[in-house]
Amino acid sequence: MKEKIEELIQKVETSEKISGENKPLILEKIKEWKSEDNAIADITVRFENWWMEMEPIFAELGWI
């Protein structure tokens with residue numbers, strides 16, 4: 001799992017879709033999670049919650 005977190009860090013660092021001001025904040029949080037035992041579970045829950053909020057918007061736009 002640590003390899004996947006490292007891969008995620010690399011993707012965030014090289015992403016052109018994430019603003020320069022948000023990258024350090026995202027990377028800081030990922031690095032915090034990396035040091036915690038429940039990091040993957042926490043990330044999964046946060047992304048699931050985000051998706052539940054965004055899915056209706058994407059559906060309305062016809063993107064899903």
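**Exercise 1.** In which helix do Glu7 and Lys11 lie, and how many residues apart are they? Work out how their side chains meet, too.

*Solution.* Keep in mind that we're working with a predicted model.
- Step 1: helix α1, residues 2-14, holds both Glu7 and Lys11, and they sit 4 residues apart, about one turn of the helix.
- Step 2: their side chains meet in a salt bridge, at 3.4 Å from N to O. That passes the cut-off, which is within 4 Å.
- Step 3: now check exposure. Glu7 is partly exposed at 41% relative accessibility, while Lys11, at 51%, counts as exposed because the exposed class is over 50%.

**Exercise 2.** Find the salt bridge that Glu32 forms, and place it in a helix.

*Solution.*
- Step 1: the partner is Lys29, with the closest N and O atoms 3.4 Å apart.
- Step 2: both Glu32 and Lys29 belong to helix α2, 3 residues apart, or about one turn of the helix.
- Step 3: Glu32 has 32% relative accessibility, so it's partly exposed; Lys29, at 33%, is partly exposed as well.
- Step 4: the count for the model comes to 2 salt bridges.

**Exercise 3.** Lys23 is found in helix α2. Is Lys23 buried or exposed, and which side chain of opposite charge is nearest?

*Solution.*
- Step 1: Lys23 is buried.
- Step 2: Glu16 is the nearest side chain of opposite charge, but it's 8.0 Å away, and Lys23 has no salt bridge.
- Step 3: look at what surrounds Lys23. Leaving aside neighbours within four places in sequence, Lys23 is in contact with Val12, Glu13, Thr14, Ser15 and Ile18.

Technical notes
Residues are numbered from 1 along each chain as its sequence is written. This is a predicted model: local features need pLDDT of at least 70, side-chain atom pairs count only at pLDDT 80 or more; totals for chains, interfaces and linings use all residues. Side-chain values use heavy atoms; hydrogens and water are left out. Helices (H or I, at least four residues) and strands (E, at least two) are DSSP runs, numbered from the N terminus. Buried means under 20% relative accessible area, exposed over 50%, partly exposed in between (1.4 Å probe, protein chains only). Lys and Arg count as positive and Asp and Glu as negative; His and the chain ends are not counted. Contact means heavy atoms within 4.5 Å.
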